[in-house]
Structure formats: structure tokens, C-alpha cells
Amino acid sequence: MSEEFVTYLTKKRIDAEVFFREEPHVAAEWERLFMQMHPDSFTAQKLFLINGIRRQFPLSEESGEKPAATKKSITPKIKRS
């Protein structure tokens with residue numbers, strides 16, 4: 001398992017260890033494709049499949065690995081006179 005791919009899976013809230021153990025062929029194929037393209041391109045290509053894998057192999061909260069914080073939306077403040 002490459003460290004880059006494991007980091008990517010963690011950001012997507014997928015437990016990489018369980019994914020590689022339960023679906024070794026799929027995980028190896030995904031890793032091979034991931035290493036050949038940009039992460040955004042990989043996400044676009046596998047978007048609907050990632051959701052299914054995330055549900056099947058969720059990242060547990062006990063693992064101590066938390067996904068990166070999401071950006072908060074900023075609403076404009078309108079000054080009224």
C-alpha cells in the first residue's frame with residue numbers, strides 16, 4: 001500500500017487496511033490507477049464507486065485518524081445605511 005493512496009482513502013473516510021484485506025483485487029486496481037493520475041481525476045472517475053466503498057469500509061472513529069476539516073462557507077455581510 002502506498003502512503004499517498006492510504007492518505008487519500010483516509011480523507012475519503014475509507015478504512016484502507018480493511019479495504020485491502022476484504023477486497024484485495026479492487027484495492028490493488030484502484031491503487032494502480034490512483035498512482036497514474038491526479039487525485040481529482042481519480043475521484044471524478046470513481047465518484048459513485050467511492051460512496052459504496054465508504055459505506056462498506058467506513059473509517060472508525062476509534063482509529064484516531066480524522067479526515068481533514070472541511071471549509072466553512074463564508075456569507076457576505078451587507079452593510080445597511
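In this predicted model, one aromatic cluster is formed by F5, Y8, F19, F20, W30, F34, F42 and F57. A search of the whole structure finds 11 aromatic pairs. The rings of F5 and Y8 make one of these pairs, with centres 6.4 Å apart and planes at 15 degrees. The pair is classed as stacked because an angle under 30 degrees between the planes meets that criterion. F5 and Y8 are both part of helix α1, which covers residues 3-11. Their positions are 3 residues apart, about one turn of the helix. Both residues are buried.

F5 also forms an aromatic pair with F20. Here the ring centres are separated by 6.0 Å and the planes meet at 85 degrees, an edge-to-face arrangement. F5 belongs to helix α1 and F20 to helix α2, so this pair ties together parts that are 15 residues apart in sequence. Like F5, F20 is buried. Within the aromatic cluster, F5 is thus found in a stacked pair with Y8 and in an edge-to-face pair with F20.

Charged side chains were examined next. Side chains of opposite charge can pair when their charged atoms come close. Across the whole structure, the search finds 3 salt bridges. One of them links R32 and E29, with 2.6 Å from N to O. Both residues lie in helix α3, which spans residues 24-36. They are 3 residues apart, about one turn of the helix. R32 has a relative accessible area of 41% and is partly exposed. E29 is likewise partly exposed, at 34% relative accessibility. Elsewhere, E17, R21 and E22 are joined into one network by salt bridges that share partners.

Within this network, R21 forms a salt bridge with E17, and the closest N and O atoms are 3.8 Å apart. R21 and E17 both lie in helix α2, residues 16-22. The two residues are separated by 4 positions, about one turn of the helix. The side chain of R21 also meets that of E22 in a salt bridge, at 3.8 Å from N to O. The acidic partners of R21 fall into separate accessibility classes: E17 counts as exposed because its relative accessibility of 54% is over the 50% cut-off, whereas E22, with a relative accessible area of 47%, is partly exposed.

How values were computed:
Residues numbered from 1 in each chain as written. Predicted model: local features only at pLDDT ≥ 70, side-chain atom pairs only at ≥ 80, totals over all residues. Heavy atoms only, no water. Salt bridge = Lys/Arg side-chain N within 4 Å of Asp/Glu carboxyl O. Buried < 20%, exposed > 50% of the residue type's maximum accessible area, 1.4 Å probe, protein only. Phe/Tyr/Trp six-rings, centres within 6.5 Å; stacked < 30°, edge-to-face > 60°.
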